[in-house]
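Dear colleague,

Please find below the structure that I am handing over to you, together with its sequence. My notes on it follow directly after.

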Amino acid sequence: EPIFGGPVVAGDTAFALSTGCTLHAIPLSAPSAADSVSLGCATVATPVLVHGGVLVATVGGDVVLFERSTGRRVWSRAVRGELRQPPAVRNGQIVVAPSVGDVVSFR
């Protein structure tokens, strides 16, 4: 599956998210030990790493937090409109900008 959003690096691991929501974790010191987990959605945005999890903005208009280690869905929030950009996160505040409609902010 293609990867539209850019990869992100946390610690010694690079993370990339495919359009079919497969999260790839690639240890920089041992790329052959890469792991992946299917998150079960569709996206074109870069993943956003947060403490213990990954935020995903879906083309269906959902912001979803997945547990990084298991790929388990922790919570989701629906917004109106397709999400093509990753959420912005600062001090626990999450901001998303749908392709059409109002910018949405929540904690």
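**Strand β8 and residue A78**

Residue A78 belongs to strand β8, which spans residues 73–78. Please note that this is a predicted model. A78 counts as exposed because its relative accessibility is 57%, and the cut-off for that class is over 50%. Leaving out residues up to four places away in sequence, A78 touches G61 and D62. The C-alpha atoms of A78 and D62 are 4.3 Å apart, although 16 residues separate the two in sequence.

**The hairpins around β6**

One of these contacts of A78, G61, leads to the next region. G61 lies in the hairpin of β6 and β7, where it takes a positive phi near 95°. Four residues stand between the two strands of this hairpin. β6 and β7 run antiparallel and are joined by five bridges; V54 stands opposite F66 in β7.

On the preceding side in sequence, β5 (residues 48–50) is joined to β6 by three bridges, and these strands also run antiparallel. Here V48 is the residue opposite L55 of β6. The hairpin of β5 and β6 has two residues between the strands, and G52 in its turn has a positive phi of about 75°.

How many of the residues of β6 are buried? Five of its five residues are, and the strand is mostly covered. In a regular strand, side chains alternate between the two faces of the sheet. In β6, G53, L55 and A57 lie on one side, V54 and V56 lie on the other, and all of them are buried, so that both faces of the strand are covered.

**The nonpolar cores**

Nonpolar side chains tend to be buried together in soluble globular proteins. In this model the largest nonpolar core has 12 residues: A45, V48, L55, A57, V63, L65, V79, L83, I94, V96, V104 and F106. Two or more residues of this core come from each of β6 (53–57), β7 (62–67), β10 (93–96) and β11 (104–106). The pair V48 and L55, noted above as standing opposite each other, is thus part of this core.

V63, a member of this core, may serve as an example of the surroundings. Neighbours within four places in sequence aside, V63 is in contact with L55, V56, W75, S76, R77, L83, P87, V96 and F106. A second core, separate from the one containing V63, has 11 residues, among them L17, C21, L39 and C41.

**The disulfide**

Two of the residues just named, C21 and C41, are also linked covalently. How many disulfides does a search of the whole structure find? The search finds one, and it joins C21 to C41 with an S to S distance of 2.0 Å. The link is left-handed, with -90° about the S-S bond. C21 lies in the loop between β2 (13–17) and β3 (22–27), while C41 lies in the loop between β4 (35–38) and β5; the pair therefore ties together parts that are 20 residues apart in sequence. Both cysteines count as buried, because the limit for that class is under 20%: C21 has a relative accessibility of 0% and C41 one of 17%.

**The three-stranded sheet**

β10 and β11, which contribute to the largest core, also take part in an open sheet of three strands. Its order is β9-β10-β11, and the pairing is antiparallel. β9 (88–90) and β11 stand at the edges with a single partner strand each, so one side of each has no neighbour in the sheet. On average, neighbouring strands of this sheet are turned by 15° against each other, direction ignored. Three bridges support the antiparallel pairing of β9 and β10, and R90 has Q93 in β10 as its bridge partner.

**Salt bridges**

Finally, the structure holds two salt bridges. In one, the side chains of R72 and E67 meet at 3.5 Å, N to O. R72 is partly exposed, with a relative accessible area of 46%, and E67 is partly exposed at 25%. In the other, the side chains of R84 and E82 meet at 2.7 Å, N to O. R84 is partly exposed, with a relative accessible area of 40%, as is E82 at 33% relative accessibility.

With kind regards

How values were computed: Residues are numbered from 1 along each chain as its sequence is written. This is a predicted model: local features need pLDDT of at least 70, side-chain atom pairs count only at pLDDT 80 or more; totals for chains, interfaces and linings use all residues. Side-chain values use heavy atoms; hydrogens and water are left out. A nonpolar core is a set of buried Ala, Val, Leu, Ile, Met, Phe, Trp, Tyr and Cys residues joined through side-chain atoms within 4.5 Å. Buried means under 20% relative accessible area, exposed over 50%, partly exposed in between (1.4 Å probe, protein chains only). Contact means heavy atoms within 4.5 Å. Two strands pair if DSSP finds at least two bridges between them. A salt bridge is a side-chain nitrogen of Lys or Arg within 4 Å of a carboxyl oxygen of Asp or Glu. Axes are lines fitted to C-alpha atoms, for helices over the stretch in contact, and angles run from 0 to 180 degrees between N-to-C directions. A disulfide is a pair of cysteine sulfur atoms within 2.5 Å.
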